[in-house]
2 protein chains.
Amino acid sequence: MTAQFNRITLIGIGLIGSSLAHDIKRLGLANEIVVATRSAETLKRAEELKLGDRYTTSSAEAVKDADLVIVSVPVGASESVAKEIAGTLKPGTIVTDVGSTKASVIAQMQPHMPSHVHFIAGHPIAGTEKSGPDAGFPGLFQGRWCILTPLEGTDPVALKTLRSFWEALGSRVDEMDAQHHDKVLAIVSHLPHLIAYNIVGTADDLETVTESEVIKYSASGFRDFTRLAASDPTMWRDVCLHNRDAILEMLARFSEDLAYLQRAIRWGEGDKIFELFTRTRAIRRSIVQAGQDVDAPDFGRPHPLEKK
Amino acid sequence: MTAQFNRITLIGIGLIGSSLAHDIKRLGLANEIVVATRSAETLKRAEELKLGDRYTTSSAEAVKDADLVIVSVPVGASESVAKEIAGTLKPGTIVTDVGSTKASVIAQMQPHMPSHVHFIAGHPIAGTEKSGPDAGFPGLFQGRWCILTPLEGTDPVALKTLRSFWEALGSRVDEMDAQHHDKVLAIVSHLPHLIAYNIVGTADDLETVTESEVIKYSASGFRDFTRLAASDPTMWRDVCLHNRDAILEMLARFSEDLAYLQRAIRWGEGDKIFELFTRTRAIRRSIVQAGQDVDAPDFGRPHPLEKK
């Protein structure tokens with residue numbers, strides 16, 4: 001297979017950046033991978049893991065002669081990266097990102113991008129709760145969706161090239177405007193993370209129930225939330241700060257619904273409770289049918305006596 | 001191994017009842033298993049699955065000559081079961097249950113129990129989101145905790161026998177009073193389920209985000225919640241109605257904390273958000289260390305290219 005790009009530069013080499021590195025290498029999508037990250041320590045680890053061909057702590061240096069630049073940093077760092085790389089991008093380079101919020105990333109980066117490059121923001125809907133260059137693995141994007149949020153005037157050829165890149169990783173690609181992306185992700189991703197962090201915090205603060213009890217009996221539901229609540233704090237702080245309006249809107253809806261449920265519990269309205277608890281099952285089935293989750297009970301967590 | 005009991009009667013043969021049947025048979029804990037359930041259809045399925053040795057839709061009939069009776073029904077059905085079996089229990093029988101709320105089950109059952117039996121309420125902290133007799137499997141209780149809530153005057157020998165039963169299934173056994181159990185479970189189990197049901201309901205009701213979008217992009221967090229929200233609606237309705245006070249207390253704490261987080265997001269207080277998102281990681285680590293969850297990323301969900 002001919003490499004799709006001569007040089008791909010990865011700025012940021014955490015879970016997403018390192019997973020990209022594994023796949024670009026595995027699939028031969030570039031002749032050369034340049035890895036850039038601000039932290040010398042992380043860069044060293046990336047080199048030990050052989051994630052790229054060249055390594056630098058200078059983003060400006062890293063993007064020279066790159067055909068594709070993928071920025072995988074906490075969304076709050078987008079503007080500083082854009083400023084750093086603006087002066088050294090060659091004409092025709094495609095610059096994209098993988099951030100969880102899109103309107104903010106576009107607002108931070110687009111004004112700094114020279115007119116001779118193609119900036120197209122993007123967001124692969126994939127990940128785990130782990131972070132750092134050791135967390136990446138080949139195939140993370142396989143079967144997952146990637147959302148691109150092109151702007152008016154985005155070059156259709158560059159867009160097509162970027163789509164092909166994600167498709168080569170096994171992803172399916174959707175396009176939508178950044179505002180809509182941010183609303184969708186507020187409900188499917190940002191709110192779930194916030195709620196998970198919040199409930200784990202609530203449990204941690206109780207006086208009547210000990211932390212040891214919370215831990216011992218967590219298999220009854222709680223442990224599910226602790227996975228999301230173990231995600232990278234910097235990344236998620238930035239998401240909260242950079243998708244504020246959509247998150248606050250979804251939080252308000254959630255709280256309103258929760259107050260309704262709370263009232264039904266207080267007044268013993270079993271029929272209202274039952275109605276909610278019934279229709280939520282259908283969504284689970286649809287998610288499994290769409291190949292977006294496993295059908296195995298308990299997420300397929302191993303049980304001691306199960307045959308593997 | 002000598003059977004621990006001559007006859008064990010299982011009343012209710014859903015996820016927990018059928019898992020008990022698998023383990024009692026596998027471990028030879030009884031010479032005879034009697035299966036009772038109100039639904040003729042479920043009973044037929046239990047028989048097809050060879051879960052017991054005798055099958056009946058009459059609980060009164062089923063408990064005759066039983067040495068151990070385990071009631072595994074939605075907690076709201078506890079009183080009617082107690083009334084049905086009261087007249088046919090032989091002296092010395094141990095009667096227990098597996099319900100998720102304990103004060104209510106005791107209040108429903110204890111008054112009907114004849115003085116010649118040993119009633120000790122219990123709750124194995126184990127399960128999956130699946131329900132029905134097909135959902136059970138051997139080893140469900142292995143490595144999980146089981147909480148017993150003996151009363152003043154509970155016979156110590158009967159209590160010891162019941163402990164040994166759960167230990168034979170691989171569980172570790174704790175004892176506490178029913179009120180404390182209900183508070184602990186409200187935070188580690190009932191609240192997580194309520195929150196999960198609620199957020200899935202909120203997503204289902206949105207006008208600006210389609211159900212298809214929620215499903216496609218659910219791998220970004222949302223799908224985790226749909227597992228709990230696919231749990232048995234009757235069982236969870238009953239939990240809400242029968243652990244009302246503790247659940248309302250925990251809901252109030254949760255909502256208060258969520259309002260604090262919401263305010264921090266609104267005012268851009270990144271430090272407060274970061275502080276919460278950092279300390280929640282520690283609890284995840286403790287749960288994994290305690291053997292109550294897997295360390296594998298993403299609950300060990302299979303990724304296409306992973307080596308098995």
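**Entry 1: sheet in chain B.** In this predicted model, I began with strand β2 (residues 30-36) of chain B and found that 3 bridges join it to β3(B), the two strands running parallel. To fix the register I looked for the bridge partner of V35(B), which in β3(B) is Y55(B). I then followed the neighbours outwards and noted an open sheet of 6 strands in chain B, in the order β3-β2-β1-β4-β5-β6, with parallel pairing. At its edges I find β3 (54-56) and β6 (118-119) of chain B, each with a single partner strand, so one side of each is left without a neighbour in the sheet.

**Entry 2: β8 and β9.** Further along chain B I looked at strand β8 (residues 145-149) and strand β9 (residues 172-175), which pair in the parallel sense over 4 bridges. Within this pair I located I147(B), which stands opposite D174(B) in β9(B). Tracing the connection, I noted that β8(B), helix α6 (residues 156-168) of chain B and β9(B) make a right-handed β-α-β unit.

**Entry 3: extent of the contact with chain A.** How many residues does each chain bring to the contact? I count 114 residues from chain B and 113 residues from chain A. For the area, I have about 10,900 Å² buried between chain B and chain A, with 67% of it on carbon and sulfur atoms. On the chain B side I looked for the residues that lose the most area to chain A, and these are Y217(B), I265(B) and F277(B), which together account for 7% of what that side buries.

**Entry 4: polar and charged pairs across the contact.** Between chain B and chain A I record 18 salt bridges, and 50 residue pairs in polar contact, both residues at pLDDT 80 or more. I checked one salt bridge in detail, in which the side chains of D204(A) and R279(B) meet at 2.7 Å, N to O.

**Entry 5: which elements of chain B touch chain A.** I listed the elements of chain B that each supply at least two residues to the side touching chain A: β8, α7 (178-205), α8 (211-216), α9 (222-228), α10 (233-242), α11 (244-266) and α12 (270-289). Which of these gives the most to that side? I find that α7(B) does, with 22 residues. Lastly I sorted the residues on the side of chain B that touches chain A by character, and they divide into 57 nonpolar, 27 polar and 30 charged.

Definitions and conventions: Residues numbered from 1 in each chain as written. Chains lettered and ligands numbered in written order. Predicted model: local features only at pLDDT ≥ 70, side-chain atom pairs only at ≥ 80, totals over all residues. Heavy atoms only, no water. Pairing = 2+ DSSP bridges. Right-handed = clockwise from strand over helix to strand, strands pointing away. Contact = heavy atoms within 4.5 Å. Buried area = accessible area lost by both parts, 1.4 Å probe. Salt bridge = Lys/Arg side-chain N within 4 Å of Asp/Glu carboxyl O. Polar contact = N/O pair within 3.5 Å; in protein donor to acceptor, adjacent residues only side chain to side chain. Nonpolar A, V, L, I, M, F, W, Y, C, P; charged D, E, K, R; others polar.
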